[in-house]
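Me: Could you walk me through this model, one question at a time?

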Amino acid sequence: MEGLLLAFVTVVAGAASILALLLCAQTWEHRRFARKRVTETSRPRIPQVRVCVIVPCKGIDLDLAENLRALFVQRYDNYELRFVVESAEEPAAETIARLTEQFPDVDARILIAGIARHTGQKVHNLRLATRHLPPDIEVLAFADSDARASSQWLVDLVERLERSGAGVATGYRWFVPRSGSLPNLLAYALNSSAAMYFGARRRHPIWGGSWAIRRETFERLQLREAWQGTLGDDVVATRVVHAAGLGVAFEPRCMIASPCDYSWSTLADFVRRQYVLTRLYLPRWWLLITLGQWLHNLAFWGAALLSVVGPMRGVAAAWLAAIYSLHVGRGIVRARLAELYLPHHAAAFRAARWFDVLAGPLVGLVHFVGML
């Protein structure tokens, strides 16, 4: 019996360690690619094609005015802004109107989408905003109201789209916790680990808060029609773009600061929504993530239990130490990436970075519970 248990632990813990090593390699590759892109100084200037930036808004996000203000001061010379709300009574509408008055030289407008029927409200807003586009628009860019782009964001996003040859260019978010509460720390760690799946290759998911697509591609793929009756904008766009054989290029310079202040209930809603949308629209990805989390949690927590009780405490403790060391290594790389991406926010997530380094198994458990 003890021999069978030893074999089982060796197989499960060995497989989990191999998976952790692969994730370490991916995290290191992400850092290599990000450093290369972020520190690159000599970049050929591309023609500034006409861009329509579409921003769906709902409610009052943290630092909403500053987040939206960042879109009015882009260093891109040839763009227009379309803010889309459910109704004129939407709380964000007043903020948008005030900013539009403050920046009269920016071509910006508010669109009233109305209440969604048989589709998600954000998807409904995007479908309305892309219905009647001016003929001179060549690129569509999408941003979220809960994230704050740098003034160079649109230049970098369009440059990546034009030079990569991919169908879509995307950025991602990096959470900036408003406080050191445990829900905020967990949200930071969950999000930073997800960011590591992006890299130099071009088979990425699209993140709805920072992406761009050529208008011709958008219309050829009938993406607006594909959104009809769905709940998620970016997961559906990812499915359609990949099905067409087109790449999604990640741009590290478009990693956006996203302030967060979660309670336990809002964190649970956030985690559940991510997995539900992935399961509905990207089932293969969901299955791979699920299997990986099952393997990781079974190996780590099983080894933790056997290192305390049972006849093979020494072997279990060795596997436990190996898996945890790989967690810590990945966390250290992510901590350095936080400094690379958002050096001006270093003080805001100092505690979160340490939590991310040391609490990897707990974060994995939250992933697992979110799936359940």
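Me: Happy to start with a pocket. Which residues lie nearest the centre of the second largest pocket?
Reply: Keep in mind that this is a predicted model. In it, 26 residues line the second largest pocket. Those lying nearest its centre are Ser150, Met255, Tyr341, Leu342 and His345.

Me: Which element gives the largest share of that lining?
Reply: The elements that give two or more residues to the lining of the second largest pocket are β5, β7 and α12 (313-341). The largest share is 5 residues, and it comes from β7.

Me: How many residues of each class does the lining have, and what space lies inside?
Reply: By class, the lining of the second largest pocket has 13 nonpolar, 8 charged and 5 polar residues. The space in this pocket is about 610 Å³.

Me: Now to the sheet. Which strands are at its edges?
Reply: The sheet is open and mixed in its pairing, with 7 strands in the order β3-β2-β1-β4-β6-β5-β7. An edge strand here pairs on one side only, and that holds for β3 (107-112) and β7 (248-260).

Me: Which residue stands opposite Leu140?
Reply: Strand β4 covers residues 139-143 and strand β6 covers residues 210-214. These two strands pair in the antiparallel sense over 5 bridges. The partner opposite Leu140 lies in β6 and is Ile213.

Me: What angle does the direction of helix α5 make with that of β7?
Reply: Helix α5 (residues 153-164) packs on the sheet and touches several strands, among them β4, β6 and β7. With the direction of β7, that of the helix makes about 160°.

Conventions: Residues are numbered from 1 along each chain as its sequence is written. This is a predicted model: local features need pLDDT of at least 70, side-chain atom pairs count only at pLDDT 80 or more; totals for chains, interfaces and linings use all residues. Side-chain values use heavy atoms; hydrogens and water are left out. Two strands pair if DSSP finds at least two bridges between them. Helices (H or I, at least four residues) and strands (E, at least two) are DSSP runs, numbered from the N terminus. Contact means heavy atoms within 4.5 Å. Axes are lines fitted to C-alpha atoms, for helices over the stretch in contact, and angles run from 0 to 180 degrees between N-to-C directions. On a 1 Å grid over the protein atoms alone, a cavity is a set of points where a 1.4 Å probe fits but cannot get out, and a pocket is an open set with protein on both sides within 12 Å along at least five of seven lines; lining residues have an atom within 4 Å of a point. Grid points are joined across faces, edges and corners, and a volume is the space filled by probe spheres set on the points. Ala, Val, Leu, Ile, Met, Phe, Trp, Tyr, Cys and Pro count as nonpolar, Asp, Glu, Lys and Arg as charged, and the others, Gly among them, as polar.
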